[in-house]
Amino acid sequence: MDVGIDLGSSAVKIFTPGRRVALSEPTLVAVDRDTDEILAFGSDARQMLGRTPEHVAVVSPVQHGRIHNFSLTETMLSAYVREVCGNRIFMPRVVVCVPSGVSEVEKSEVVESLRAAGARKVCLIETVVAAALGAGLDISQPRGCMVCDIGGGTTDIGVISLNGTASSHWINYAGNSFNEALTDFVLRKFDLLIGPQTAEWLKKEIGCVVPRDALLTVTVKGRHFKTGMPHMIRINSEDIMEAFEEPAVRICRAVQHTLEETPPALAGDLLTNGGITLTGGGAKLYGMDRMIAERTKLNVSVAQDPEVSVVLGTGKAIRFMDTRDKFEKETSPLDVFGA
């Protein structure tokens with residue numbers, strides 16, 4: 001079996017031929033600090049967030065697109081790969097995405113984690129290239145297409161031509177940054193402490209980076225910062241837009257920076273070749289496409305399935321595993337490790 005993996009900061013997604021997205025689980029592990037025993041992975045670990053005793057920690061072993069804890073990542077991936085592949089004699093070949101600009105050491109960490117999880121061959125593909133493939137873009141032609149993938153821990157931006165990136169940029173501002181900004185804003189303005197799950201719910205429910213057609217208001221529960229007592233407030237979409245201003249502007253500036261570094265001919269292609277395609281969960285944030293379009297003067301569209309574009313792209317890249325060795329490296333989007 002061959003599989004594609006999106007090893008994200010917020011979620012691990014695994015593609016298998018025939019099943020498409022066979023697994024999608026939060027990149028979380030619950031650990032007993034006293035015994036180092038792993039108590040839960042994924043959704044089970046997420047249910048423990050904010051509800052554990054002091055000796056239990058719920059952590060993300062992958063942060064900002066990089067492996068933060070090697071042993072936890074290895075154990076988590078082993079569990080997920082076994083869940084998808086079952087007890088097979090021949091373990092899978094894997095295509096896994098990595099952010100643009102990662103070091104060789106960081107690439108090796110990803111490869112070794114997957115080898116320890118049972119993969120017999122590992123191929124790396126840049127996140128923006130996988131996102132473009134998953135969004136249905138033709139990246140094989142000598143003309144530019146641009147992708148902005150707003151994930152959980154990083155935003156990856158790239159202009160792609162001939163199966164590779166002509167210019168790329170990434171920043172540590174993405175979906176989690178919006179949640180953190182909202183948590184800080186609610187504390188600063190309303191003296192209310194809320195958790196990451198509440199911030200994520202608010203973002204999806206009434207979040208926006210440009211004014212909505214109608215003002216939306218919801219009730220939020222948490223703990224009052226000064227009294228320590230349970231408390232609830234009413235918050236509206238304009239408040240959320242104010243909280244989201246900084247991370248949204250930083251993402252727009254990163255897109256502009258990438259365009260400034262793009263060769264003129266490829267930059268010109270973007271005027272007639274679809275402009276910019278948004279992928280990742282952050283692409284669904286209300287008004288993100290409009291804000292980027294206003295600042296770049298380019299057409300901006302959201303992929304059909306933005307949250308799974310990257311993992312679908314790793315699945316589409318599986319075909320390169322058998323053909324890559326027949327061609328020069330420049331014609332393939334993959335870096336191959338293992339036999």
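A residue counts as buried when under 20% of its relative accessible area is left. In this predicted model, Phe 178 meets that description, and so does Phe 244. The two also turn up together in a search of the whole structure for aromatic pairs, which finds 3 of them. Their ring centres sit 5.0 Å apart with the planes at 75°, so Phe 178 and Phe 244 form an edge-to-face pair. Phe 178 belongs to helix H5 (residues 175–190), while Phe 244 is in the loop between helix H7 (237–243) and H8, so the pair ties together parts that are 66 residues apart in sequence.

Another pair joins Phe 185 and Phe 190: here the centres are 6.5 Å apart and the planes are again at 75°, so this pair is edge-to-face too. Phe 185 has just 3% relative accessibility, so it counts as buried.

Now for the helices. Helix H8 (residues 245–260) packs with helix H10 (residues 288–296) at an angle of about 45°, and their axes are 10 Å apart. H8 and H10 are therefore oblique to each other, and their crossing is right-handed. On the H8 side, the contact is made by Ala 248, Val 249, Ile 251, Cys 252, Val 255, Gln 256 and Leu 259. H10 brings in Met 288, Met 291, Ile 292, Arg 295 and Thr 296. Sorted by class, the contact of H8 with H10 comes to 9 nonpolar, 2 polar and 1 charged residues.

Technical notes
Residues numbered from 1 in each chain as written. Predicted model: local features only at pLDDT ≥ 70, side-chain atom pairs only at ≥ 80, totals over all residues. Heavy atoms only, no water. Axes fitted to C-alpha atoms, helices over the stretch in contact; angles between N-to-C directions. Helix = DSSP H or I, 4+ residues; strand = E, 2+ residues; numbered from the N terminus. Parallel < 35°, antiparallel > 145°, perpendicular 65-115°, else oblique. Left-handed = near helix turned anticlockwise from the far one by under 90°. Contact = heavy atoms within 4.5 Å. Nonpolar A, V, L, I, M, F, W, Y, C, P; charged D, E, K, R; others polar. Phe/Tyr/Trp six-rings, centres within 6.5 Å; stacked < 30°, edge-to-face > 60°. Buried < 20%, exposed > 50% of the residue type's maximum accessible area, 1.4 Å probe, protein only.
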